Amino acid sequence: MISFVAEGLPLAALPIIFRRAFRNARFLFMQKIGFAEALESVVGNDPRYQRDGYIFLRDALDFTTKQQKKIKGVSVRHVTGPELLDGVRQYALKEFGPMVMTVFDSWGIHSCEDIGHMVFNLIGAGIFGKTEQDSIEDFKDVYDFEEAFVRPFAPAKPERAKPPAQLPASKPATSSK
């Protein structure tokens, strides 16, 4: 009979030992990987966007679901692309004020489509979920970043003073000679 040198166990006992060892360990393999670990993989695979941008996006999704719960009064199971973008806009303005564009630029975020790419990167990593109806197209041209993030803080343009009304042309003087 063949045996393990270290243990002196018969080779036939190997399947039993492995079954016992992995019976409890299988749950380790079935656990989802954490956000931090998934994020390292996402940023490694797509370096266009910074890690902090993804953290902001996760927080913006939480903000959006809480806002929708306040409005709808029920638990929100799914947020559409345009709904998330509206939440991103509101949350970014709340968190960063007039510095939104500077912060987003540092993270590589320049448009709604960038947010969409980030969302689909997180979907690919198993962090976010999606329905059959969800598409990257949902994030195209939803709003202009300049309009959404700069205009709210731009000083109001003073009304232009109206030009003076044209005076009627004077009549040529006539001589009385």
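**Close-up 1. Val88 and the residues that surround it in the predicted model**. Once the neighbours within four places in sequence are set aside, Val88 is in contact with Phe56, Leu57, Ala60, Thr64, Phe104, Ile115 and Tyr143. In this model, which is predicted, Val88 also belongs to the largest nonpolar core, a group of 33 residues in which Leu57, Val88 and Phe104 touch the most other members. Helices α2, α3, α4 (81-96), α5 (100-107), α6 and α7 (145-150) each supply at least two residues of this core. As a general background to such a view, nonpolar side chains in soluble globular proteins tend to be buried together.

**Close-up 2. Thr64, a residue of helix α3**. Is Thr64 buried or exposed? Its relative accessible area is 4%, and because residues under 20% count as buried, Thr64 is placed in the buried class. The side chain of Thr64 reaches back to the backbone oxygen of Ala60, at 2.7 Å. Beyond its neighbours within four places in sequence, Thr64 is in contact with Val79, Glu83, Leu84, Gly87 and Val88, the last of these being a residue that touches Ala60 as well.

**Close-up 3. The crossing of helices α3 and α6**. Helix α3 covers residues 51-72 and helix α6 covers residues 112-124, and their axes come within 11 Å of each other while crossing at roughly 85°. The two helices are therefore roughly perpendicular to each other, since angles of 65 to 115 degrees are counted in that way. Which residues meet where α3 and α6 come together? From α3 there are Gly53, Tyr54 and Leu57, and from α6 there are Ile115, Met118, Val119, Asn121 and Leu122. Sorted by type, the residues of this contact divide into six nonpolar and two polar, with no charged residue among them.

**Close-up 4. Asp46 in the loop between α2 and α3**. Asp46 is found in the loop that runs between α2 (35-45) and α3, and with a relative accessibility of 11% Asp46 counts as buried. The side chain of Asp46 makes a polar contact with the side chain of Arg48, at 2.7 Å. When the neighbours within four places in sequence are left aside, Asp46 is in contact with Tyr54 and Asn121, two residues that also take part in the meeting of α3 with α6.

**Close-up 5. Asp59 in α3 and Asp141 in the loop between α6 and α7**. Asp59, which is found in helix α3, is partly exposed, with a relative accessible area of 27%. Although Asp59 and Val88 are 29 residues apart along the chain, their C-alpha atoms are separated by 8.9 Å. Asp141, in the loop between α6 and α7, is exposed, with a relative accessible area of 71%. The phi angle of Asp141 is near 50°, a positive value in a residue other than glycine. For comparison, most residues other than glycine have a negative phi.

**Overview. The chain as a whole**. The chain has seven helices and zero strands, so that a reader following the sequence meets the pattern α-α-α-α-α-α-α. Of its 177 residues, 27% count as buried. Among the contacts between residues at least 6 apart in sequence, 61% join residues that are at least 24 apart.

Definitions and conventions. Residues numbered from 1 in each chain as written. Predicted model: local features only at pLDDT ≥ 70, side-chain atom pairs only at ≥ 80, totals over all residues. Heavy atoms only, no water. Axes fitted to C-alpha atoms, helices over the stretch in contact; angles between N-to-C directions. Helix = DSSP H or I, 4+ residues; strand = E, 2+ residues; numbered from the N terminus. Parallel < 35°, antiparallel > 145°, perpendicular 65-115°, else oblique. Contact = heavy atoms within 4.5 Å. Nonpolar A, V, L, I, M, F, W, Y, C, P; charged D, E, K, R; others polar. Buried < 20%, exposed > 50% of the residue type's maximum accessible area, 1.4 Å probe, protein only. Polar contact = N/O pair within 3.5 Å; in protein donor to acceptor, adjacent residues only side chain to side chain. Core = buried A, V, L, I, M, F, W, Y, C linked by side-chain atoms within 4.5 Å.
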